[in-house]
Amino acid sequence: MLPRWSRTYCYFSKFGLLRKMEFPKDFYRNYSKVAAAASTTMEDSLAKGVSGKSKVNLNAMFWSRPHSLALAPDSPLRIEEPKYDGFRYFMLKLLLFYSKQSKSIRGANAVYRRIISQVDRPAIYNVFQLEKTFRTTFSLLVLHMWLFLRRLKEEGKEGVEFGQYLYEIYNHDLELRVSKAGVNLLLSKWMKDLEKIFYGNIVAYDAAMLPAAKKDEFRNVIWRNVFSDDGLETPNDAAATAVQALSRYARRESTCLSLTDKEAIFSGNFMFTLLEYQLLEGANSPK
């Protein structure tokens, strides 16, 4: 069910076959739970102060100067590698807990928790005026996967290998989401169709970011992949402002991730722009 990441030939160079994640699942599963709890604590408290029906000035949002998304060294949301000594350290080392592969798996789980934390919170739907459906959630999930995989390309072969672990985690989560949505029959067909959409979106986003792309191509790709239900190539008047805002957000997050250091990227010690803050600022901006 889990396809090889190297099949995204238009996105990554081929560096060999996917490695199997042979490390005991309990280790990185518990690690991902810690990541999820840490990444949602502050966000949930912010959300309590924001009305889901707040009217915001989208035209005033996502113009601020990009900056690193890395968490501060003293941030309570940071995820640190567990430190053991004595016999426990010796046994874990024998079990390859400290191997490069195991660290990459834990890091990829933490990164994915950051991604789904951004995609699953109500704020992203409120800001961009989207109805929360399986389609829109999937579209936003693919967009944020693309943002991070685009950043990983900057790390060469090491980034590609890390992306393979992240993609396997994404695929497993997506299968659970599809099942939760009520699809139990023909699950394999659904997953293959979603795989094609994922690859198609990734290639379209990359092409739209090229210097040679048309002026509004990235905006139009955002429209087609996230907003459009009727096959129109360009945004209609009702959605144009929200589409422009999401395209600005995505471009800005891409730049912010490029400014984020390697350690934060590979450990999951970063956080996407908090949209709850954007809601508050947008609600206070002049219309």
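1. In this predicted model, helix α6 contains both R177 and D173, which stand four residues apart, about one turn of the helix. Their side chains form a salt bridge in which the closest N and O atoms are 2.7 Å apart. D173 counts as buried because its relative accessible area, 16%, falls under the 20% limit.

2. A search of the whole structure finds 15 salt bridges. The R177–D173 pair lies within one helix, but two further salt bridges deserve attention for the parts of the chain that they connect.

3. R106 and E81 meet through their side chains in a salt bridge, with an N to O distance of 2.6 Å. R106 belongs to helix α3 and E81 to the loop between α1 and α2, so this pair ties together parts that are 25 residues apart in sequence. What is the burial state of R106? R106 is buried, because its relative accessibility is 1%. E81, by contrast, counts as partly exposed at 29% relative accessibility.

4. The side chains of E158 and K262 also meet in a salt bridge, at 2.7 Å from N to O. This pair links distant parts of the chain: E158 is in helix α6 and K262 in helix α10, 104 residues apart. E158 has a relative accessible area of 30% and is therefore partly exposed. K262 is partly exposed as well, with a value of 36%.

5. The second largest pocket has a volume of about 370 Å³. Its lining comprises 16 residues, of which E81, K103, S104, F266 and S267 are the closest to the centre. E81 is thus named both here and in the salt bridge with R106. By class, the lining residues divide into eight charged, four polar and four nonpolar.

6. Which helices each supply at least two residues of this lining? They are α3 (100-120), α6 (156-180) and α10 (262-267). Helix α3 gives the most, with four residues. The salt bridges described above also involve these helices: R106 lies in α3, while E158 in α6 is paired with K262 in α10.

7. Two residues call for a check of backbone geometry. Most residues other than glycine have a negative phi. F62, although not a glycine, has a positive phi of about 70 degrees. F62 is placed in the loop between α1 (25-47) and α2, the loop that also holds E81. With a relative accessibility of 7%, F62 counts as buried.

8. Q129 is the other residue to be noted here, with a positive phi of about 55 degrees although it is not a glycine. Its place is in the loop between α4 (122-127) and α5 (134-152). Is Q129 buried or exposed? Q129 is exposed, because its relative accessible area is 52%, whereas F62 is buried.

9. On the surface, F87, F90, M91 and L94 make a nonpolar patch of about 450 Å². Among these residues, M91 is found in helix α2, which covers residues 86-94. M91 has a relative accessibility of 33% and so counts as partly exposed. This value is over the 30% that residues of a patch must pass.

Note on methods: Residues numbered from 1 in each chain as written. Predicted model: local features only at pLDDT ≥ 70, side-chain atom pairs only at ≥ 80, totals over all residues. Heavy atoms only, no water. Patch = residues over 30% accessible without salt bridge, like charges linked within 9 Å, V, L, I, M, F, W, Y side chains within 5 Å. Areas by Shrake-Rupley, 256 points an atom, 1.4 Å probe, with all protein chains shown as cover. Salt bridge = Lys/Arg side-chain N within 4 Å of Asp/Glu carboxyl O. Buried < 20%, exposed > 50% of the residue type's maximum accessible area, 1.4 Å probe, protein only. 1 Å grid on protein atoms, 1.4 Å probe; cavity = no way out; pocket = protein on both sides within 12 Å on 5 of 7 lines; lining within 4 Å. Points joined across faces, edges and corners; volume = space filled by probe spheres on them. Nonpolar A, V, L, I, M, F, W, Y, C, P; charged D, E, K, R; others polar.
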